[in-house]
Amino acid sequence: MSDFESRLAATRSTLAKIATEYAPAVFASSLAAEDMVLTDLILKSQLNIGIFSLETGRLHAETLGMLDKIRTTYGTEILLYKPDPAAVDTYVQQHGLNAFYDSVELRKECCRIRKVEPLKRALTGKKAWITGQRRAQSATRTELAVQEDDAAHGMQKFNPLADWSEEDVWHYLRSNNVPYNPLHDKGYPSIGCEPCTRAIQPGEDIRAGRWWWENPESKECGLHVVDGKLVRIKQTD
Ligand code: SF4
């Protein structure tokens, strides 16, 4: 068995374990390349794992187009969680529509309203959640484990692709004809909200196009934050 096949077998086994031992479990898909690998694995094996996406209101048209591609390819609707409209209105009135460029605090507050709070709603009542994060993606993810104790949300968090390389992801997508966000072919290896994501140049870090005006250490959504600080999540497996 090649190294890639071993990693794929381990990922299949992790997903099967989550579906049987951690129900109800959900997969938080950002509709990017890694997330399409997990979407394909979950839906083709008909695993008992719900799939949702955070519709922040600031996504690219290409990212939203992935919802249609998933529907036509798999016959499945991805559940969408949206921000509280009143919280968005208050932020925009007080700070401006694009105030996230002005300071890290205002950027994190926008992420809190548009991502963190909707995520909390999506995870309510669940035993575990899944992400498509990989260790090689950024300076903030070098110690990412396949299974973590997510104290902030009071449940287990699984990152079944933690040890996958970018090549692994694209090998899987291409050899299984999995649809993917066309922005990946236009210099976007990592895709978030439209105003906070730019294309990168060859040789630049994978996450260099995300919140590019900030230091690498602050480049997370706050989805793993307790009391306003990024926390290291304890490894349990
Ligand atoms: S990525 Fe940008 S637009 Fe999206 S929630 Fe965070 S700060 Fe707001």
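1. Let's start with the overall build. The chain has six helices and nine strands. Please keep in mind as you look around that this is a predicted model.

2. Next, how the chain is put together. Of its 237 residues, 37% count as buried. Take the contacts between residues at least 6 apart in sequence: 73% of these join residues at least 24 apart.

3. Now have a look at a pair of helices. Two packed helices are described by the angle between their axes and the distance between the axes. Here, the axes of α4 (residues 85-95) and α5 (residues 104-123) come within 10 Å and cross at roughly 160°. Angles over 145 degrees count as roughly antiparallel, so α4 is roughly antiparallel to α5. The crossing of α4 past α5 is left-handed.

4. Which residues of α4 and α5 make the contact? From α4 they are A87, V88, Y91 and H95, and from α5 they are L106, E109, C110 and I113. By class, this contact of α4 with α5 has six nonpolar residues, one polar and one charged.

5. C110 is also worth finding again, as one of the residues around the ligand. The others around the ligand are T56, R58, F100, R107, C111, R114, K115, G192, C193, P195 and C196. This shell divides into six nonpolar, two polar and four charged residues.

6. Finally, try R207, in the loop between α6 (166-175) and β7 (225-226). Is R207 buried or exposed? R207 counts as buried because it has 20 C-beta neighbours inside 10 Å. Its C-alpha atom is 9.9 Å from that of A136, although R207 and A136 are 71 residues apart along the chain.

Conventions
Residues numbered from 1 in each chain as written. Predicted model: local features only at pLDDT ≥ 70, side-chain atom pairs only at ≥ 80, totals over all residues. Near = placed C-beta within 6 Å. Nonpolar A, V, L, I, M, F, W, Y, C, P; charged D, E, K, R; others polar. Helix = DSSP H or I, 4+ residues; strand = E, 2+ residues; numbered from the N terminus. Buried ≥ 20, exposed ≤ 12 C-beta atoms within 10 Å, placed from the backbone. Contact = placed C-beta atoms within 7 Å. Axes fitted to C-alpha atoms, helices over the stretch in contact; angles between N-to-C directions. Parallel < 35°, antiparallel > 145°, perpendicular 65-115°, else oblique. Left-handed = near helix turned anticlockwise from the far one by under 90°.
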